[in-house]
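Thanks for asking me to look this one over. Here are my notes, as numbered points to read alongside the model.

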Amino acid sequence: MITCRLKLRCLASVVMFCGYIPLFAWIYMSKKYENNIHVETPAVHMQSRDKSVRSFQVFDRSFINVKDFRNTKFKFVHYNLPNISYPFNCTETLELVPQKNLNKIREPVEDILCMKRPRLLENYKNPCWIEDGHLRCLPYFHIFGVCKSGTTDLFRRLMIHHQIMPNKGLMKKETWFWSWKRYGEHSDGPISTLKNFTDIFDVLPQRLTYSYDLDMYYSHFVTGHGDPMDIWYPFNWTLIPQNNPTSEEPVYITPNLISHINPNVRLILVIRDPAERLYSHYLHTNLGINIHPSAKEFHEDVQHAVSTFANCTNRKSLRACLYDTVLYKRLRAPISSGFYSTFLRDWLKVFDKDQLMVIRTEDYEHNIAGTLMKVFKFLNLDNVGPYVLEKMACRELEYKSNYRSPIMNDTRSLLETFYSDSQRDMVSLVEEYGIDLSLQPQDDMASKINCTRFMARKPLVSKLKRKKVKRYFISKKNATKYFRNKYIPR
């Protein structure tokens, strides 16, 4: 009996050992395969980096892994800007240290304009390059304005697209780099650098590693970010070494820095009625004295801000007042953020009009599907099917404004008069550069989207999210919904 048991145990051990032999062989061959990896760029790979993967049929039998970039040969392309020349010497500007806000920032701001532009990989649709054996990427598109205009809602819908990868920033959307963190604002630690900015878009290499196992050479994935304050918050321009801190207006601002390091970025601007946007911004950030500001308090703060801003424009130019840091801190309401035309002109001086797309919030809410189709075409992405487009367009609106009291008529009249010249200038600017604001459906698919069957489920989902519900059930007797909050004990 004992001998029989020993024989059975020995036989079981042999069978178990033989079962592990294929696993050990697979691990050994995979390690050997990774060490001998070599990628050669085929001659036919002279396609445009904007072409979709569906029409770009270039494959290679090698496995592209992030950790193998150091021993891998790639074809590079370097983007030059022949139309932009800087009238300064970087060896001199590197020695200049801004004298303002030194108590706030202990170290000088990174000099972006004197940095060497990276050599981008040609086999990536997204702007990426290799640095110290690691893949680093910049955003392919940038939603740069304006706050409380629907930028978060638009970005959430775009993330459903199979080619768009969300970043690692706030809400997988915002980075706060260009306007705040690179100058030490809204940051507890040291000031952010360009390396910290590219770390936020590290999702693209990880996606390539785990999604592209074999037979895929061209990456059609892209990533982006949405920082709606970038268009109207340029108040740290005195810390840029190339600017004169004693002058009233800046020479180099955020668009100049972005264009230097990422010249082919796609820009999306979402604008809204200035009066409604300002009221929503005021309530969202609790700028009033009270916890829940009222419409009357907003009216008083707007009157103070308009009179303060008018005193500035009597002494200086409009652009100088919009870039005045001291004036902005004195304003009880951020009325300077509604001068879209002045800020947009500064961006159009640097970027080509074909890189810019302007969306009106009112048109976007009326025709979400048509807007998304137009954005896909602008970003040169694949079109989605009717089911995916319906899923994108029929989502519940993010951060929908729910006013305790509507804006007062006197406040609206005051703001309409205040922004009248800027609105007329915006119309002339759009006509001057030929910017298309129409949102007609690109095909019949967008016009056939019906969100009726989604609307019935939205109130329940919204209520569940607001109340932080842990579980709910429906009574079979009277079909009454019972909710149990996770903070309420059983």
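Is Asp-199 buried, partly exposed or exposed? With a relative accessible area of 31%, Asp-199 is partly exposed. Please keep in mind throughout that this is a predicted model.

1. **A bridge between H4 and E4.** Let me stay with Asp-199 for a moment. Its side chain forms a salt bridge with that of Arg-136, at 2.7 Å from N to O. The two residues come from distant parts of the chain: Asp-199 sits in helix H4 (residues 194-199) and Arg-136 in strand E4 (residues 134-137), 63 residues apart. Arg-136 has a relative accessibility of 12%, so it counts as buried, the cut-off being under 20%. The pair also belongs to a network of salt bridges that links Glu-131, Arg-136, Lys-195 and Asp-199.

2. **A bridge between two loops.** Just after H4 there is another pair to look at. Asp-202 and Lys-168 form a salt bridge in which the closest N and O atoms are 3.7 Å apart. That still counts because the cut-off is 4 Å. Here too, distant parts of the chain are linked: Asp-202 is in the loop between H4 and helix H5 (203-211), while Lys-168 is in the loop between strand E6 (164-165) and H4, 34 residues apart. Asp-202 is partly exposed at 27%, and Lys-168 is partly exposed at 45%.

3. **A bridge between two helices.** Further along the chain, the side chains of Asp-425 and Arg-345 meet in a salt bridge of 2.9 Å, N to O. Asp-425 belongs to helix H16 (residues 420-433) and Arg-345 to helix H11 (residues 340-348), and 80 residues separate the two. Asp-425 is partly exposed, with a relative accessibility of 23%, and Arg-345 is partly exposed as well, at 26%. If you would like the overall tally, the count comes to 19 salt bridges.

4. **The sheet.** Which strands make up the open sheet, and in what order? There are 5 strands, they run E6-E7-E5-E8-E9, and the pairing is parallel. E6 and strand E9 (356-360) stand at the edges; each has a single partner strand, so one side of each has no neighbour in the sheet. Further in, strand E5 (residues 141-145) pairs with strand E8 (residues 266-271) over 4 bridges in the parallel sense. To find this pairing on screen, you could start from His-142, whose bridge partner in E8 is Leu-267.

5. **Helices across the sheet.** Helix H3 (residues 151-158) lies across E5, E6, strand E7 (222-226), E8 and E9, and runs at about 165 degrees to E5. Helix H13 (residues 368-378) lies across E8 and E9, at about 175 degrees to E9.

6. **Asn-167, a buried polar residue.** I would pause at the loop between E6 and H4, where Asn-167 lies. What makes Asn-167 count as buried? Its relative accessibility is 3%, and buried means under 20%. The Asn-167 side chain has backbone partners: one of its polar atoms lies 2.8 Å from the backbone nitrogen of Gly-169, and the side chain reaches the backbone oxygen of Lys-173 at 3.2 Å. Beyond four places in sequence, Asn-167 touches several residues, including Phe-155, Ile-200, Phe-201, Thr-223 and His-225.

7. **Glu-185, in that loop as well.** Glu-185 also has its place in the loop between E6 and H4. It is buried, with a relative accessible area of 9%. Its side chain makes a polar contact with the side chain of Tyr-233 at 3.0 Å.

8. **The nonpolar cores.** Which residues have the most contacts inside the largest nonpolar core? They are Trp-232 and Ile-335, in a core of 71 residues. Helix H8 (residues 295-315) supplies the largest share of this core, 7 residues. Leaving out neighbours within four places in sequence, Trp-232 is in contact with Val-146, Cys-147, His-281, Tyr-328, Ser-337 and Phe-343. Another core, of 30 residues, lies apart from the largest one, and among its members are Phe-141, Ile-143, Met-373 and Met-445.

Terms used:
Residues are numbered from 1 along each chain as its sequence is written. This is a predicted model: local features need pLDDT of at least 70, side-chain atom pairs count only at pLDDT 80 or more; totals for chains, interfaces and linings use all residues. Side-chain values use heavy atoms; hydrogens and water are left out. Buried means under 20% relative accessible area, exposed over 50%, partly exposed in between (1.4 Å probe, protein chains only). Two strands pair if DSSP finds at least two bridges between them. Contact means heavy atoms within 4.5 Å. Axes are lines fitted to C-alpha atoms, for helices over the stretch in contact, and angles run from 0 to 180 degrees between N-to-C directions. A polar contact is a pair of N or O atoms within 3.5 Å; within protein, one must be able to donate a hydrogen and the other to accept it, and residues adjacent in sequence count only if both atoms are side-chain atoms. A nonpolar core is a set of buried Ala, Val, Leu, Ile, Met, Phe, Trp, Tyr and Cys residues joined through side-chain atoms within 4.5 Å.
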